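Here's a quick tour for anyone meeting this structure for the first time. Have a look at the sequence and the model, then read on.

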Amino acid sequence: MGMYIQWKDDKNKQSFKPKEWVPMVLNGKDAIVPTEEGHCFWEAQLHLTLPKTGRPTYVKMNYSRDYKGKNDTTGTNTYAVPEGIESIQFTLSWFFNAKPDTPISCMVYHNGAAPIVSEIRQFKGLIL
């Protein structure tokens with residue numbers, strides 16, 4: 001049949017600790033649980049406010065099917081963070097197979113010395 005998922009969280013800030021994989025939280029949920037099996041295309045958007053000191057030089061995002069376990073590296077992208085900017089936005093897209101009751105989370109990692117903050121996070125997914 002198909003399944004379309006859409007979440008946006010622009011009301012709750014989320015802090016991401018340095019040098020630790022942290023699940024992106026959208027409306028209080030840290031994972032998407034498909035109710036159908038199929039091929040899927042997922043896209044997550046992350047807007048970050050960067051600290052003045054302890055800034056990261058890169059941010060990584062991935063989709064994890066075992067986010068509370070070993071955190072697989074499905075669709076991992078690494079994004080450079082240019083110097084001199086106060087905020088930045090990243091988008092992570094990936095195709096893979098979804099299975100019912102297998103939670104998938106969008107994970108965020110950065111190499112800074114201070115936390116980074118997201119004021120806006122979005123997720124859209126399509127399972128066919």
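**Ground rules**

Let's start with a term: a residue is called buried under 20% relative accessible area, exposed over 50%, and partly exposed in between, using a 1.4 Å probe and counting protein chains only. Tyr-4 counts as exposed because its relative accessibility is 52%.

This is a predicted model, where local features need pLDDT of at least 70 and side-chain atom pairs count only at pLDDT 80 or more, while totals for chains, interfaces and linings use all residues. Residues are numbered from 1 along each chain as its sequence is written, and side-chain values use heavy atoms, with hydrogens and water left out.

**A nonpolar patch on the surface**

Tyr-4 sits in strand β1, which covers residues 3–9. Strands here are DSSP runs of E with at least two residues, numbered from the N terminus.

Tyr-4 also teams up with Phe-41, Phe-95, Leu-126 and Leu-128 to make a nonpolar surface patch of about 570 Å². To join such a patch, residues need over 30% relative accessible area and no salt bridge, and nonpolar side chains (Val, Leu, Ile, Met, Phe, Trp, Tyr) are linked within 5 Å; for like charges it is within 9 Å. A salt bridge, in turn, is a side-chain nitrogen of Lys or Arg within 4 Å of a carboxyl oxygen of Asp or Glu. The areas come from the Shrake-Rupley method with a 1.4 Å probe, and for residues only the protein chains shown count as cover.

**A four-stranded sheet**

Now for an open sheet: four strands line up as β3-β8-β5-β6, with antiparallel pairing. The edges belong to β3 (22–23) and β6 (74–80); each has a single partner strand, so one side of each has no neighbour in the sheet. Two strands pair if DSSP finds at least two bridges between them.

Strand β5 (residues 58–64) pairs with β8 (residues 105–110) through six antiparallel bridges. Ser-64 faces Ser-105 in β8, and Tyr-63 faces Cys-106 in β8. β5 also runs antiparallel to β6, joined by five bridges, and there Tyr-58 has Ala-80 of β6 as its bridge partner. Five of the seven residues in β5 are buried, so the strand is mostly covered.

**What about the cysteines?**

How many disulfides does the structure hold? Zero, where a disulfide means two cysteine sulfur atoms within 2.5 Å. The sulfur of Cys-40 has its closest cysteine sulfur in Cys-106, 13 Å away, which is too far for a bond. Cys-40 is buried at 2% relative accessible area, and Cys-106 is buried at 5%.
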